Amino acid sequence: MKIKAEQDLSCNEIEVTIKYPQKGKQVNRIIDFLQSFEMQIKCVGGNAEKMINILDIYYIESVDKKTFVYLENAVYRTDFRLYQLKNKLQAYGFVQISKSCILNINALDSIRPLFNSRMEATLKNGEKVHINRSYLNGVKKALEGDREG
């Protein structure tokens, strides 16, 4: 893959052109990643609302009918339901790992097996979350970058 970057003072915004011989998984992943740069979700931290970039999210968890967004060193609450975020963020590397949690695959550092066909995911910030066995196939597909193309 060749990457070219050039400054053009006549541009008002960043423009990315992707040239490829045939569209496949790699091209789809690059497009999804680029689109995720500007995607944000509204959260609440303390008494203030804040727009959080999805690239900064490690995982999202639902606890007692409230949805929490976990970043590297912070936790925010959002009014979105977990299923809404799962559907919205699936194309950007988020995958459900349990009934109450979705994980950003890009924040994943390692996975190790536990008892009862469960797995433990260690995130880049050192935090650990459990992957329920009924969601393992979805995680494997997300790690493989399974997309039609």
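## A buried cysteine in β7

C101 is found in strand β7, which covers residues 101-104, and the description given here rests on a predicted model. With a relative accessible area of 4%, C101 is buried, because a residue counts as buried when that value is under 20%.

Leaving aside residues up to four places away in sequence, C101 touches Y59, I60, E61, L82, V95 and Q96. A further relation links C101 to T67, a residue 34 positions apart from C101 along the chain, and the C-alpha atoms of these two are separated by 9.4 Å.

## A nonpolar patch that includes L34

On the surface, I14, V16, I18, Y20, F33, L34 and F37 make a nonpolar patch of about 670 Å². One of these residues, L34, lies in helix α1, which spans residues 25-36.

L34 has a relative accessible area of 32% and is therefore partly exposed, since this class takes in values between the 20% limit for buried residues and the 50% limit for exposed ones. The value of 32% for L34 is also over the 30% that a residue needs in order to be part of a patch.

## A patch of negative charge that includes E38

A patch of negative charge is also present on the surface, where E6, D8, E13, E15 and E38 gather. Among them, E38 is found in the loop between α1 and β1 (40-45), and E38 is exposed, with a relative accessible area of 72%.

Terms used: Residues are numbered from 1 along each chain as its sequence is written. This is a predicted model: local features need pLDDT of at least 70, side-chain atom pairs count only at pLDDT 80 or more; totals for chains, interfaces and linings use all residues. Side-chain values use heavy atoms; hydrogens and water are left out. Patches are made of residues with over 30% relative accessible area and no salt bridge: like charges are joined within 9 Å, nonpolar side chains (Val, Leu, Ile, Met, Phe, Trp, Tyr) within 5 Å. Accessible areas come from the Shrake-Rupley method with a 1.4 Å probe; for residues, only the protein chains shown count as cover. A salt bridge is a side-chain nitrogen of Lys or Arg within 4 Å of a carboxyl oxygen of Asp or Glu. Helices (H or I, at least four residues) and strands (E, at least two) are DSSP runs, numbered from the N terminus. Buried means under 20% relative accessible area, exposed over 50%, partly exposed in between (1.4 Å probe, protein chains only). Contact means heavy atoms within 4.5 Å. Lys and Arg count as positive and Asp and Glu as negative; His and the chain ends are not counted. The place of a charge is taken as NZ of Lys, CZ of Arg, CG of Asp or CD of Glu.
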